[in-house]
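I opened a notebook page for this structure and set down what I looked up in it. The entries are kept in the order in which I worked.

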Amino acid sequence: MPDIDIDDHSDVWVFIEEHAGEVAPVSWELLSEAKGLAEELDEDLVALAIGEDLDDVAEEAVERGADKVLVADDPVFEPYRADPYGEQFRYLVEEREPDVVLIGGTHTGRDFAGRVAVPAYAGLTADCTELGIDEDGHLEARRPAFGGNVLATIKCERHRPQMATIRPGVFATADPDPDHEGEIEEVEVIVEEADTISEVVERNVGDTADITDADRVVAAGRGVEGNVEPVAELAEALDAELAASRAAVDEGWIDGARQVGQTGKNVRPDLYVAVGISGAIQHIEGMNDSDIVVAINNDPNAPIFEHADYGIVGDLFEICPELVEQLEDVDDPAEVLA
Amino acid sequence: MTDQWTVVVGIKQVPDEDDVTIDPDTGTLNRSGADSILNRPDRNALEAALEIKDQVDANVIAVTMGPPQATPVLEEAIAMGCDDAVLVTDRAFAGSDTWPTSLVLASAADYLDADVVLCGEETTDSSTGQVPPGIAAHNGWAQLTYAEELEPKPDEDQIVAKRDVEGGHEYVAADLPVVIAFAYGENEPRPAGLHRKIYAETEFEPEQVTAEELPIDTDRVGLAASPTQVGGMETVDPVEREQERLESPAELLETLAEEGVV
C-alpha cells in the first residue's frame, strides 16, 4: 500500500462533463452541492473540464461557484474516450493531490472514474445519493444498497483522493452568479493521439433529454409491451417529460437517457405518473422525491400502488387515451396545468 | 499475438436479490435465506463471449474470484458452452472492495493470457460497475463499457463495440487486449445443452488458482488493502403515500386538479 499523507491533499474537485459543448446537468448539480462540502472542509472548490473549445464551459463553471477551473483543452479529448480522459485526469490528480473528487454517475463518469481511482489508489464509491463530512473531515458517501432497502455509508479514511460518482438528479442546481470570481487555468495536456488505444468510429447522439428537472413526468414500464404510444401521448397532453423504468429501457422501447431508478436518474417532479410499472424498489428509489405519484396498472397487487398517492387498476391502453381525451377537452391545457 | 483469441469471462456468485430481506426491528440484512446464484448480468457477458467464439477462433474461459463454494457458477458457464473455467481463490482476498478485486481479476486475465475480458455490466449485490474499468486500468488495457453489440476484427487485433451513451449510441474500436462490460439484457443468453450440463456437473473440475500463482502480493488485496470501507448501514424509511384507489380517469383528473398539479 502506498504511503499517503492525507494532510497533503486538499480541495474539492468536480468533474464537468461535456460532450460537443453541451454540459451534462449533473455536473452543475455536483458543483452546487460541492460548494457546501468545500466550505465545511475550508478548502477550494475546483472544477475540472476536459474536452475541446472549453472557454464557455470554464466561464460558466466560475459563475456557478468554482474558485478555480482547470481546463484540459485539446482535440484528443473530443469525442470522449476512456483512455485519454482517464490518463489526463489521473495525471492531474497525482500532480495536484485533491482531497475529494466528485464525478457524475453517467455512463461517461462511471466509465472513466475507475481509470483514475485505480492508478491513484483512491477510494471510489459508486452511484451516491447523499454526501457529507464526518467529524474527522472524511467524506461520507452514502449509496443505496441491496435494491434500495438500505443506505450504506462508505468512507475512505486512509487513502486520497476520496472519489465518488453521484447519481444524476439527486442534487438541485443553483442559479449562476455572473459576479462570482474564479481563476481559470489551462493545464498541460499529457495525452497524445498516437498513444490512444481506442477510436470512436461513429457517434449518433440525438435525444439527450433531461428528465431530472421536469415538473411533470410520465413513465412507461414493461406493461406497455412495446407500445409506448399511449404513454407518450399522455405525457404530451400533460406537458410532461416521458420517462421509463429499466425494463422498458432494456427492451429498447425508450432511450436510456430517460431511465428513472437506481441505474438511471432521480426525478423530483410535482407529478409522477407510473404507467405499466410494477414498482421494483430500484425504480421507486428514483422517483420517491416526487410530490404526487399516480400509478396505472392492471395488476391490483403491483407494489407500485403502495408507493403511489392515487392509483387506477385497469388497462393502460384504455385509460391513457381516455385521460388524453379529457385533457384535450380543456380549452387551454396550459392554463389548467399551470 | 496468437491466432486463437483467449476470451476470459469474469463471473460472480451473488445472493439472489429477491431473497435478501431486511429485519424490520434491527434494520439488518438477512442474507441467510438467500440462494446463491450466478449474477444475472453475467449471463449476457457469457453469451457475448460465446458469440465471439461463434465468429472467430476463440478459447472461452470463465473465471470467478471467490471461495470453493462458488464452483456452481463455473459449472453453469461450462454448461452454457465455455471451454474452461478457473476458480481464483485465496483467503487473502476476503473483504476486498473494487480496487483489489479488479487487481485480482486483472492478474488472472494476465495469467490466462487474455485478449478479451468480458464482464457483466454490474453485480446485483453491490452494483458499482467499477470492476471492469478497474481491470482495464490495472493492466493499462482498452475498455468498452455499456457494450450492446460486438464485432470482432481479428485482422486488426481489434473489437468494435456499439456502446450505449447518453442520448444515443456510438461505435468504438478498441485495440486488444480489451476489457468489455456488456450491458445487462442486451442479448439472449443461450440455454445450457443437456450434454454440457451433465459434463459440467459430473466430470468437470475447475482449475484453482491462488494469489501466489497469479502472482499477487497479498498485502495488496483483502479488506486491509481496500481503500473504501462500509461505515454503516441504515434502512430507508418509506415515503408515506396516500395509496388511494380511484375508479376512473375522470375521477383521477378531478383529484389531481384538487391537488393543484393538473
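The entries below concern a predicted model and take up a helix, a core and a chain contact in turn.

**Entry 1: helix α2 of chain B**

I began with helix α2 of chain B, which spans residues 71–80. I asked how many of its residues are buried. The count is 7 of 10, and the helix is mostly covered. I listed the buried residues as Thr71(B), Val73(B), Leu74(B), Ala77(B), Ile78(B), Ala79(B) and Met80(B). I also noted Gly81(B), just after α2(B), where phi is positive at about 135°.

**Entry 2: Leu50(B)**

I next looked up Leu50(B), which is part of helix α1 (residues 40–55) of chain B. Is Leu50(B) buried or exposed? I recorded a relative accessible area of 2% for Leu50(B); because the cut-off for buried is under 20%, Leu50(B) counts as buried. Leaving aside neighbours within four places in sequence, I found Leu50(B) in contact with Val60(B), Met80(B), Gly81(B), Cys82(B) and Arg190(B). Of these, Met80(B) had already appeared among the buried residues of α2(B). I then took the separation of Leu50(B) from Ala77(B): 27 residues in sequence and 10 Å in space, C-alpha to C-alpha.

**Entry 3: the nonpolar core**

I turned to the largest nonpolar core and noted that it has 42 residues. Which residues have the most contacts inside it? They are Val116(B), Leu118(B) and Leu150(B). As a general point, nonpolar side chains tend to be buried together in soluble globular proteins. I followed Val116(B) further and, not counting residues up to four places away in sequence, listed its contacts as Trp5(B), Thr6(B), Val7(B), Val8(B), Ile52(B), Ile159(B), Leu176(B), Val178(B) and Ile180(B).

**Entry 4: chain B against chain A**

I closed with the contact between the two chains, to which chain B brings 74 residues and chain A 81 residues. I entered a buried area of about 6700 Å² between them, with 53% of it on carbon and sulfur atoms. I counted 7 salt bridges between chain B and chain A. One salt bridge I looked up joins the side chains of Asp309(A) and Arg241(B), at 3.2 Å from N to O. I also recorded 40 residue pairs in polar contact, both residues at pLDDT 80 or more. Which strand gives the most to the side of chain B that touches chain A? I noted β11(B), with 8 residues. The residues on that side of chain B divide into 32 nonpolar, 24 polar and 18 charged.

Notes:
Residues are numbered from 1 along each chain as its sequence is written. Chains are lettered from A and ligands numbered from 1 in the order in which they are written. This is a predicted model: local features need pLDDT of at least 70, side-chain atom pairs count only at pLDDT 80 or more; totals for chains, interfaces and linings use all residues. Side-chain values use heavy atoms; hydrogens and water are left out. Buried means under 20% relative accessible area, exposed over 50%, partly exposed in between (1.4 Å probe, protein chains only). Helices (H or I, at least four residues) and strands (E, at least two) are DSSP runs, numbered from the N terminus. A nonpolar core is a set of buried Ala, Val, Leu, Ile, Met, Phe, Trp, Tyr and Cys residues joined through side-chain atoms within 4.5 Å. Contact means heavy atoms within 4.5 Å. Buried area is the accessible area (1.4 Å probe) that two parts lose on being put together, summed over both. A salt bridge is a side-chain nitrogen of Lys or Arg within 4 Å of a carboxyl oxygen of Asp or Glu. A polar contact is a pair of N or O atoms within 3.5 Å; within protein, one must be able to donate a hydrogen and the other to accept it, and residues adjacent in sequence count only if both atoms are side-chain atoms. Ala, Val, Leu, Ile, Met, Phe, Trp, Tyr, Cys and Pro count as nonpolar, Asp, Glu, Lys and Arg as charged, and the others, Gly among them, as polar.
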